[in-house]
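Let's take a walk through this protein together, one region at a time. Please keep the sequence and the 3D view open as you read.

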Amino acid sequence: MPQNRIMLDVLKGKAVFPPPLWMMRQAGRYLPEYRETRRRAGSFLDLCYDPDLAVEVTLQPIERFGFDASILFSDILVVPHALGRDVRFEEGRGPLLTPITAPEIAALESKTFHVNLEPVYETVRRLRTKLPDETTLIGFCGAPWTAATYMIAGHGTPDQAPARLFAYREPAAFQNLLKVLADNSAAYLIRQIEAGADVVQIFDSWSGVLDDESFDLFCVQPVAEIVGRIRAVHPDVPIIGFPKGAGARYRTYRQKTGVTALGIDWTVPLMAAKDLQRLGAVQGNLDPLRLVAGGKALSDGVEAILGALGDGPLIFNLGHGITPETPIAHVEAMVKLVRSATR
């Protein structure tokens, strides 16, 4: 891999200051150019599966802000979609699926999985040729638990009660669902790496709603399986795990899954983040609403993170995805604050 992608140095454990910078959901509705491309695409899934348009929107924040990393434009729900489940996105409602039943889990179709996802792999191949050489390319998938929550409820819910109840009432079927998702997600990430991704990230957006036993069974074990499968083929490719809301269990997650780096949400105290950083790189963790607010709220947040974590391996990021109402001027200000920072 090229030596000038500073995010890769950080993922190897090197402290770089100012740290590399990118944002989760950086290609999105806060950008007018994204909204125009999204309008031309027709539907959200059409945008995800059209390599021309997916490359276009992935590059938009790189061209505007010069971030150190670019993340593939796609969605975590392309995995269940590629397994034969219906997935659609409605404005104002988000993703909608037909809830899966226990008998239907055995009928999930893996034979055409990679065929269905070929447009995504083509997007990754094109991105690697179009991105600046110094820009790290990140592939990603949703963690099995988070993908399963949408497959079972058919939509997002505040506490994922439908998936939790399903897991308690149908434990064998639920474990089978997690296994199918882990096996196919690992294969999906391996194909992204082979297409040109430097790094992969596993998003577990709903890990924070589980008790200890369920966290280990539903979050840790499936991700550990994915990490093991990737490492068997690509032992040197960094893997970022982002178990949002894991709280005191972040350390356990890191140790048991074997991820290279931890994405941490904005609720993680900076002293706790510092402790996690002693075990390897951390990524985060500015509150996205500080970016919306701008001004002193933004500068104080950036200063606190750099002051606490800047002398160790840090990838500066938000503690979750950027929100659509974020002013572009505030993103520009954040980039300037990070890149002009001094020790």
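The paragraphs below go from the sheet to the cysteines, and then to the annotated residues and a few others. Keep in mind that this is a predicted model.

A good place to begin is the sheet. It is an open sheet of seven strands, in the order E1-E4-E5-E6-E7-E8-E9, with parallel pairing. Strand E1 (69-71) and strand E9 (314-318) stand at the edges, and each has a single partner strand, so one side of each has no neighbour in the sheet. If you follow the sheet across, the twist from one strand to the next averages 25 degrees. As a reminder, strands of a sheet pair through backbone hydrogen bonds, and the pairing can be parallel or antiparallel.

Now pick out strand E5, residues 199-204. How many of its six residues are buried? The count is six of six, so you will find this strand mostly covered. Its side chains point in two directions: Val 199, Gln 201 and Phe 203 go one way, while Val 200, Ile 202 and Asp 204 go the other way. All of these residues are buried, whichever way they point. Here "buried" means a relative accessible area under 20%.

E5 has a partner on each side in the strand order. Strand E4 (residues 136-142) runs parallel to E5 and is joined to it by five bridges. One pair to find there is Cys 141 with its bridge partner in E5, Ile 202. Five bridges also join E5 to E6, again in the parallel sense, and in that pairing Phe 203 stands opposite Phe 242 of E6. Moving one strand along, E6 (residues 239-243) pairs with E7 (residues 261-263) over two bridges, also parallel. Gly 241 has Leu 262 of E7 as its bridge partner.

Cys 141 leads us to the cysteines. How many disulfides does the structure hold? There are zero. A disulfide is a covalent bond between the sulfur atoms of two cysteines. For Cys 48, the closest cysteine sulfur is that of Cys 141, and at 14 Å it is too far for a bond; the cut-off used here is 2.5 Å. Cys 219 is in no disulfide either, and its nearest cysteine sulfur, also that of Cys 141, is 13 Å away. Are these two cysteines buried or exposed? Cys 48 counts as buried because its relative accessibility is 1%, and Cys 219 counts as buried at 0%.

Cys 48 also turns up beside Ser 74, a residue in the loop between E1 and helix H5 (78-82). Beyond its neighbours up to four places away in sequence, Ser 74 touches Phe 44, Cys 48, Val 120, Phe 140 and Tyr 188. With a relative accessibility of 8%, Ser 74 counts as buried.

Next, turn to the record. An unreviewed UniProt entry carries the annotation "binding site" for Arg 25, Gln 26, Ala 27, Gly 28, Arg 29, Asp 75, Tyr 150, Ser 205 and His 320. These residues span 296 residues in sequence, and the farthest two C-alpha atoms are 22.6 Å apart, so they do not all gather at one spot. Even so, the lining of the largest pocket includes Arg 25, Gln 26, Ala 27, Gly 28, Arg 29, Asp 75, Tyr 150, Ser 205 and His 320.

Two of the annotated arginines make a useful pair to inspect. Arg 25 sits in the loop between helix H1 (6-11) and helix H2 (32-41), and Arg 29 is found in the loop between H1 and H2 as well. Arg 25 is partly exposed at 47% relative accessibility, and Arg 29 is partly exposed at 48%. Leaving out residues up to four places away in sequence, Arg 25 touches Tyr 30, His 320, Gly 321 and Ile 322. With the same neighbours left out, Arg 29 touches Tyr 34, Arg 35, Glu 91 and Pro 324.

Finish at Ile 226, in helix H11 (residues 212-233). Ile 226 is buried, with a relative accessible area of 0%. Its contacts outside four places in sequence are Pro 144, Ala 182, Ser 185, Ala 186, Leu 189 and Ile 202. Ile 202 brings us back to E5, where that residue is the bridge partner of Cys 141.

Terms used: Residues are numbered from 1 along each chain as its sequence is written. This is a predicted model: local features need pLDDT of at least 70, side-chain atom pairs count only at pLDDT 80 or more; totals for chains, interfaces and linings use all residues. Side-chain values use heavy atoms; hydrogens and water are left out. Two strands pair if DSSP finds at least two bridges between them. Helices (H or I, at least four residues) and strands (E, at least two) are DSSP runs, numbered from the N terminus. Axes are lines fitted to C-alpha atoms, for helices over the stretch in contact, and angles run from 0 to 180 degrees between N-to-C directions. Buried means under 20% relative accessible area, exposed over 50%, partly exposed in between (1.4 Å probe, protein chains only). UniProt positions are given in the numbering used here, feature names are shortened, and annotations may be inferred rather than shown by experiment. On a 1 Å grid over the protein atoms alone, a cavity is a set of points where a 1.4 Å probe fits but cannot get out, and a pocket is an open set with protein on both sides within 12 Å along at least five of seven lines; lining residues have an atom within 4 Å of a point. Contact means heavy atoms within 4.5 Å.
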